[in-house]
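Reader: I am in my first year and should like to understand how the parts of a folded chain are held to one another. Could you please choose one part, look at it closely, and then follow its connections outward?

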Amino acid sequence: MSLSLRSPRALQLAAGAAFCGVASAAYFSTKRPLQLDSSQNAASKTLSLPSTMLFSKQLTVTKVEQVNHDTKKVTFALPGGVGEISGVEAGSAILTQHTPPGAWFPVLRPYTPISDADERGTLQLLVKQYPNGQASRHIHTLTPGSKLQIRGPIPGYRYTASTQARQVLFIAGGAGITPLYSLAKKIVSDASDETRITLLWGVNGTRDLVLKAELEALEAQFPNRLSVKYCISGPEAAPGTGSLGDETKFKKGHVDKSVLQEAIERCKKGRWGDGKTKVWLCGPPAMEEAIAGQKGVLAELGVAKNEIHKF
């Protein structure tokens, strides 16, 4: 998921496919058709199921930016240049692949791109490095010119735009922001879509708001479509500490019952949800359990389990 992991089932299926691909690659190769490298031509997709789940594609790093103490934004060139788009829809993921020295099998991890699905020639990942994360540590070693194998895509939520006004609630925890940011950007950028998003993002500290500038830009551009609230739970939020900023945008503490109740009441003022889902959630397991578990806060507030989508 993003900077974060997808479901175990999805990862197992993808891993199985990848191993089949690795074994088959010794016997099978494909040639790309000759195309003019021009933005005037219809773009092909770098990733397309099922072929690119079995047979990986290679990206080349063009830019690396240090976003904060543990997160990097890495931009890659697609193998077909501006003649290609990634083929990864909003909220969906890719599998990165590398084989550590001395290892028998590759390490596969899912990440949601933060670049647009139809952006030509490039794909961008936001990657948080974890102390024991083999994939994230590897990606953080990459420099311009480095190569990275990818597979996929892993499909995300099947979203359908609405011509009638409606409200949806997005909840992110830490690195789980990327699929929600990706989907939110697609929704608000569609002028025909009448969906309004309330986004709650819980982090430990303000330095962990790694997409704050991008979200603020979307809010400024689409003020009637997106509303974001940041919940800071670390030392900056301790009793006696100063203000974090605009109190309508920043809250000290976790994404708790009071914050969720306020957001749900706002959503209920209009038509809430897309007919099947009311809440989209992505965060650490403990947070997801506290919010959407059997005895979670959403259940207390009357939201059914089948009305929640977890990335």
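Author: In this predicted model, 72% of the contacts between residues at least 6 apart in sequence join residues that are at least 24 apart. The chain comprises 8 helices and 14 strands, and 50% of its 311 residues count as buried. It exposes about 15,200 Å², of which carbon and sulfur atoms supply 54%.

The part chosen for a close look is strand β13, at residues 279-282. Both of its faces are covered. Val279 and Leu281 are buried on one side, and Trp280 and Cys282 are buried on the other. This arrangement can be read with a general rule in mind: in a regular strand, side chains alternate between the two faces of the sheet.

The next step is to ask which strands pair with β13. Strand β9, at residues 166-173, is joined to β13 by 4 bridges, and the two run parallel. Within this pairing, phenylalanine 170 stands opposite tryptophan 280 of β13. Strand β14, at residues 308-310, is joined to β13 by 3 bridges, again with the strands running parallel. Here leucine 281 stands opposite lysine 310 in β14.

These pairings belong to a wider sheet. It is an open sheet of 6 strands with parallel pairing, in the order β12-β11-β10-β9-β13-β14. Strands β12 (250-252) and β14 stand at its edges with a single partner strand each, so one side of each has no neighbour in the sheet. On average, neighbouring strands of this sheet are turned by 20° against each other, direction ignored. Beyond β9, the order continues with β10. Strand β10 covers residues 195-203 and runs parallel to β9, with 8 bridges joining the two. Arginine 166 stands opposite threonine 195 in β10. Helix α4 (residues 177-189) packs on this sheet and touches β9, β10, β11 (226-232) and β13. The direction of α4 makes about 155° with that of β9.

A second helix, α7 (residues 285-292), can be considered next. Its residues Met287, Glu288, Ile291 and Ala292 are buried. Seen down the axis of α7, these buried residues fall within an arc of 95°, so they line one face of the helix. Pro285 and Ala286, on the other side of α7, are exposed. The buried residues of α7 pack against several elements, including β13, β9 and β14. Helices α6 (257-267) and α8 (297-300) are also among the elements they pack against.

The side chains around tryptophan 280 deserve separate attention. Tryptophan 280 itself counts as buried, at 1% relative accessibility. By the rule applied to aromatic rings, the count comes to 4 aromatic pairs. One of them is formed by tyrosine 157 and tryptophan 280, in an edge-to-face arrangement with 5.3 Å from centre to centre and 80° between the planes. Tyrosine 157 lies in the loop between β8 and β9, whereas tryptophan 280 lies in strand β13, so the pair ties together parts that are 123 residues apart in sequence. Tyrosine 157 is buried as well, with a relative accessible area of 10%. Together, Tyr157, Phe170 and Trp280 form one aromatic cluster.

The loop that holds tyrosine 157 lies between β8 and β9, and β8 leads to another sheet. That open sheet has 6 strands in the order β6-β5-β8-β2-β3-β7, with antiparallel pairing. Its edge strands, β6 (107-111) and β7 (122-128), each pair on one side only. Its neighbouring strands are turned by 40° against each other on average, direction ignored. Strand β8 (residues 147-154) runs antiparallel to β5 (residues 93-98), and 4 bridges join them. Threonine 96 stands opposite isoleucine 150 in β8.

Further along this order, β2 (residues 57-66) and β3 pair in the antiparallel sense over 6 bridges. They form a hairpin with 4 residues between them, and the bridge partner of valine 61 is phenylalanine 76 in β3. Strand β3 is also joined to β7 by 7 bridges, again running antiparallel, and lysine 72 stands opposite valine 127 in β7. Of the 7 residues of β3 (residues 71-77), 6 are buried, so this strand is largely enclosed by the rest of the structure.

Note on methods. Residues are numbered from 1 along each chain as its sequence is written. This is a predicted model: local features need pLDDT of at least 70, side-chain atom pairs count only at pLDDT 80 or more; totals for chains, interfaces and linings use all residues. Side-chain values use heavy atoms; hydrogens and water are left out. Buried means under 20% relative accessible area, exposed over 50%, partly exposed in between (1.4 Å probe, protein chains only). Contact means heavy atoms within 4.5 Å. Accessible areas come from the Shrake-Rupley method with a 1.4 Å probe; for residues, only the protein chains shown count as cover. Two strands pair if DSSP finds at least two bridges between them. Axes are lines fitted to C-alpha atoms, for helices over the stretch in contact, and angles run from 0 to 180 degrees between N-to-C directions. The arc is that of the directions from the helix axis to the C-beta atoms. Rings of Phe, Tyr and Trp (its six-membered ring) pair if their centres lie within 6.5 Å; planes under 30 degrees apart count as stacked, over 60 as edge-to-face and the rest as tilted.
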